[in-house]
Every structure is written in C-alpha cells, then in structure tokens.
Amino acid sequence: MGEIIKVGMADLKTCSGDDAVTTLGLGSCVGIAIRDPGSGIGGLAHIMLPDSTEIRNNGNRPKFADTGIEDLVSEIVKKGGNRSKLVAKIAGGAQMFAFGGNKSDMIRVGERNVIASKKKLEELKIPLLAEDTGETYGRTVIFYPQNGDFYIRSVGMPEKII
C-alpha cells in the first residue's frame, strides 16, 4: 500500500506506482481522474467551476474544468504518461441545494461542472470510461492510477468502485 496524496479544492495532483490521490467533500465540484493505463501514471483534479473565461484575473487554473483538465494532462505527460493512451473517470457535480423550481445557472453549478468536464475531455479526445455524478449528496473519492480503481464514498450510501 502506497501513500495517499490529498488534493485540495481547486487543486490537482499526480502519482504512480502504489500511490493514490484523494479529495474530500465533492459537492457541486467535480473530481476528474485521468490515467495512462500502460504506465500507471495518473492524477486527480478537484474543479469548482466550469469555465475560466467567466472569471477575470483568476490565476488558479485547477479551479476550472477547462484549464484544470489541461493542466492535469500536462502533468501526467511530464511524469511519463502517454498522451494518446489517457482515459478518464469523473465524480461529483451534485445539486447540493434545492430552491423550488429555480433553474438559474447560479444554482446549477454541479450540472454545469459535469457538462464542462465532459466537453473538455471530448475536446482532448480522452475517453470517459465511467462517472458517478449528479444526485443531491456529496462524495469523497480515492483514485488509484495503477489499476484505475476510483472509490466513491458518500454518507449513508454503500461505497462504489467505478
């Protein structure tokens, strides 16, 4: 059993071998797990918002789906991952607060994060192998790039592996 590396909000980390990456409390945020199955090199990004172009003067690239996924891919490749072999899994994007029938973009952050994450993965031609998204509960995830196991834990729910 290797080290479990913590990924904070609006952050990303990579690892390989027996190590894993984890992030806590994905509500409307999305955890994007990307790996190269051949090398076992991979990582996890904890994104908070869908689009970096909507916020001025924000230098925190991992905070956004568009730039965070790009940076995670770059880090994996820098460590020796094969860009053309990358695959992804995602979790999170919950609707944490219900306000009647209000469907405003401010309220739908989780759904928008999932859509933006999928769009960016598609643009980068990275296949999405599995997802556990939406619903109304938070998630804590642990990702093992060596074998691709993505553990998802939620209060009052059985643990899932996708």
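# A tour of the chain, stop by stop

Among contacts between residues at least 6 apart in sequence, 62% join residues at least 24 apart. The model on your screen is predicted. Keep both points in mind while you move through the stops below.

**Stop 1: the whole chain**

Show the chain as a cartoon. The secondary structure comes to 2 helices and 10 strands. Followed along the sequence, these elements come in the order β-β-β-β-β-α-β-α-β-β-β-β. The radius of gyration is 15 Å, close to the 15 Å that the globule rule gives for 162 residues, so the chain is as compact as a globular protein of that length. Turn the model to see its extent: the C-alpha trace spans about 45 × 40 × 25 Å along its principal axes.

**Stop 2: surface and charge**

Switch on the surface. About 8100 Å² of the chain is exposed, and carbon and sulfur atoms supply 53% of that area. Of the 162 residues, 47% are buried. Now colour the charged side chains. There are 21 positive and 20 negative ones, and the centres of the two sets lie 2 Å apart.

**Stop 3: Arg61 and Asp71**

How many salt bridges does the count come to? The count comes to 12 salt bridges. Select Arg61 and Asp71 for one of them: their closest N and O atoms are 2.8 Å apart. Asp71 is in helix H1, residues 65-78, while Arg61 is in the loop between strand S5 (41-47) and H1, so the pair ties together parts that are 10 residues apart in sequence. Arg61 counts as partly exposed, at 35% relative accessibility.

Add Glu70, Lys120 and Glu123 to the selection. Together with Arg61 and Asp71, these residues are linked in a network of salt bridges.

**Stop 4: Glu75 and Lys78**

Stay on helix H1 and select Glu75 and Lys78. These two residues form a salt bridge, with 3.1 Å between the closest N and O atoms. They are 3 residues apart in helix H1, which means that about one helical turn separates them. Lys78 is exposed at 65% relative accessibility, and Glu75 is partly exposed at 28%.

**Stop 5: Asp132 and Lys160**

Next, select Asp132 and Lys160. Their salt bridge has its closest N and O atoms 2.6 Å apart. Lys160 lies in strand S10 (residues 160-161) and Asp132 in strand S7 (residues 128-133), so this pair ties together parts that are 28 residues apart in sequence.

Is Asp132 buried or exposed? Asp132 is buried, because its relative accessible area is 8% and the cut-off for buried is under 20%. Its partner Lys160 is partly exposed, with a relative accessible area of 32%.

**Stop 6: Gly68**

Return to helix H1 and select Gly68, which is found there. Its relative accessible area is 0%, so Gly68 is buried. Which residues does Gly68 touch, not counting those up to four places away in sequence? They are Leu12, Arg61 and Pro62. Arg61 is the residue from the third stop that forms a salt bridge with Asp71. Draw a distance from Gly68 to Leu12: the C-alpha atoms are 7.6 Å apart in space, although the two residues are 56 residues apart in sequence.

**Stop 7: Ser117**

Move to helix H2, residues 109-123, and select Ser117. This serine is buried at 0% relative accessibility. Display what surrounds Ser117, leaving aside neighbours within four places in sequence. Its contacts are Val30, Ile32, Ile47, Ala65 and Ile69. Ala65 and Ile69 fall within the span of helix H1, residues 65-78, and Ile47 falls within strand S5 (41-47).

**Stop 8: Val141**

The last selection is Val141, in strand S8 (residues 139-144). Val141 is buried, with a relative accessible area of 0%. Not counting residues up to four places away in sequence, Val141 touches Val21, Thr22, Thr23, Leu26, Leu44, Ala91, Phe150, Tyr151 and Ile152.

How far apart are the C-alpha atoms of Val141 and Val21? They are separated by 8.3 Å, while the residues are 120 residues apart along the chain. This pair ends the tour where it began, with contacts between residues at least 24 apart in sequence, which make up 62% of those between residues at least 6 apart.

How values were computed. Residues are numbered from 1 along each chain as its sequence is written. This is a predicted model: local features need pLDDT of at least 70, side-chain atom pairs count only at pLDDT 80 or more; totals for chains, interfaces and linings use all residues. Side-chain values use heavy atoms; hydrogens and water are left out. Helices (H or I, at least four residues) and strands (E, at least two) are DSSP runs, numbered from the N terminus. The radius of gyration is taken over C-alpha atoms; the globule rule is 2.2 Å times the number of residues to the power 0.38. Buried means under 20% relative accessible area, exposed over 50%, partly exposed in between (1.4 Å probe, protein chains only). Contact means heavy atoms within 4.5 Å. Accessible areas come from the Shrake-Rupley method with a 1.4 Å probe; for residues, only the protein chains shown count as cover. Lys and Arg count as positive and Asp and Glu as negative; His and the chain ends are not counted. The place of a charge is taken as NZ of Lys, CZ of Arg, CG of Asp or CD of Glu. A salt bridge is a side-chain nitrogen of Lys or Arg within 4 Å of a carboxyl oxygen of Asp or Glu.
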